Amino acid sequence: MAIAPVGGTQGNTASTTVVITLTYTTTAGNTGVVTCHTNVTGEAVVSVVGGGGSAYTKQAGLDDGVNQSTEVWATAAGGLLGDLTTVVTWAAGTGRKGAAIEEYSGVAALGTTNTNSGTSQTPSVAITTQDANNYVVAGHQGQYDNSLTATTGTVRRKINAGTN
């Protein structure tokens, strides 16, 4: 079975909130990927949990130590349990936050991760897929820019966690 995007949603919140509830019904047996962003350094995500019990683990994350952090969480391949909501919880609530969930069918395994940071206006990260026709899922945050576009592939969700 080929990997295919199924759907998803996104949301953002004011600075004092530590929880975002994403209302999107997932299909049992598919795979969920959640990207989480905040515009304050040091505000790590402490949990991502599906309302029906789907378990997520952190796959990758990057905190620039100055003013923003991004994390990617995912279920195991085929690990969605048919949730009506997905709840993202941060350790602190001083910065604006954003999160997005994307659901995929046909995922046999999760692969390698990589991160990169810098000040380029054309950000990139290098990653080698294990098999032909694999998907690469990424989380990106730019301090003052909501104009991200894909040069290869497709941008599925865009969220704005706000500026400092």
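The following conversation asks how several descriptions of this predicted model are justified.

User: What makes this an all-strand protein, in terms of its counted elements?

Analyst: The protein has zero helices and eight strands, and from the N terminus on its elements run β-β-β-β-β-β-β-β.

User: How do you know which strands belong together in the sheet that contains E1?

Analyst: Two strands count as paired if at least two bridges are found between them, and by that rule five strands form an open sheet in the order E1-E8-E3-E6-E5, with antiparallel pairing. Strand E1 (4-13) and strand E5 (57-63) stand at the edges with a single partner strand each, so one side of each is left without a neighbour in the sheet. The twist from one strand to the next averages 15°.

User: Why are E3 and E6 called paired strands?

Analyst: The rule asks for at least two bridges, and six bridges join strand E3 (residues 31-38) to strand E6 (residues 69-74), so the pair meets the requirement. These two strands run antiparallel, and one of the matches places Val33 with its bridge partner Ala74 in E6.

User: What makes E2, E7 and E4 a sheet, and which strands stand at its edges?

Analyst: Strand E2 (residues 19-23) is joined to strand E7 (residues 85-90) by five bridges, and strand E4 (residues 45-50) also pairs with E7 over five bridges, so each pairing satisfies the minimum of at least two. The result is an open, antiparallel sheet in the order E2-E7-E4. E2 and E4 stand at the edges, each with a single partner strand, so one side of each is left without a neighbour in the sheet. Neighbouring strands here are turned by 15° against each other on average, with direction ignored.

User: Which residues stand opposite Val88 in E7?

Analyst: Val48 stands opposite Val88, and Ile20 also stands opposite Val88. Elsewhere in E7, Thr86 is the bridge partner of Leu22.

User: Why is the pair Glu43 and Lys97 called a salt bridge?

Analyst: A salt bridge needs a side-chain nitrogen of Lys or Arg within 4 Å of a carboxyl oxygen of Asp or Glu, and the closest N and O atoms of Glu43 and Lys97 are 2.6 Å apart, so the pair qualifies. Glu43 lies in the loop between E3 and E4 and Lys97 in strand E8 (residues 97-105), so the pair ties together parts that are 54 residues apart in sequence. Both Glu43 and Lys97 are buried.

User: How many salt bridges are found in the whole structure, and what is the distance between Glu71 and Lys58?

Analyst: The search finds two salt bridges, and in the one between Glu71 and Lys58 the closest N and O atoms are 4.0 Å apart. This pair links distant parts of the chain, with Glu71 in strand E6 and Lys58 in strand E5, 13 residues apart.

User: Are Glu71 and Lys58 buried or exposed?

Analyst: Buried means under 20% relative accessible area, so Glu71, at 5%, counts as buried. Lys58 has a relative accessible area of 46%, which lies between the limits of 20% and 50%, and therefore Lys58 is called partly exposed.

User: How do you know whether Thr75 is buried or exposed, and what is it in contact with?

Analyst: Thr75 has a relative accessible area of 1%, which is under 20%, so it is buried. Thr75 is found in the loop between E6 and E7, and, leaving aside neighbours within four places in sequence, its contacts include Asn30, Gly32, Tyr56, Leu80 and Leu110.

User: What makes up the largest nonpolar core?

Analyst: The largest nonpolar core has 14 residues, of which Val34, Cys36, Val45, Val48, Tyr56, Val88 and Trp90 touch the most other members. E2, E3, E4, E7 and E8 each supply at least two residues of this core. Apart from it lies another core, of five residues, among them Val72, Ala74, Tyr104 and Val107. Val34 touches, among others, Val48, Tyr56, Val72, Val88 and Ile101, not counting residues up to four places away in sequence.

User: What share of the residues in the protein is buried?

Analyst: Buried residues make up 35% of the 164 residues. The protein exposes about 8,800 Å², and carbon and sulfur atoms supply 50% of that area.

Conventions. Residues are numbered from 1 along each chain as its sequence is written. This is a predicted model: local features need pLDDT of at least 70, side-chain atom pairs count only at pLDDT 80 or more; totals for chains, interfaces and linings use all residues. Side-chain values use heavy atoms; hydrogens and water are left out. Helices (H or I, at least four residues) and strands (E, at least two) are DSSP runs, numbered from the N terminus. Buried means under 20% relative accessible area, exposed over 50%, partly exposed in between (1.4 Å probe, protein chains only). Accessible areas come from the Shrake-Rupley method with a 1.4 Å probe; for residues, only the protein chains shown count as cover. Axes are lines fitted to C-alpha atoms, for helices over the stretch in contact, and angles run from 0 to 180 degrees between N-to-C directions. Contact means heavy atoms within 4.5 Å. A nonpolar core is a set of buried Ala, Val, Leu, Ile, Met, Phe, Trp, Tyr and Cys residues joined through side-chain atoms within 4.5 Å.
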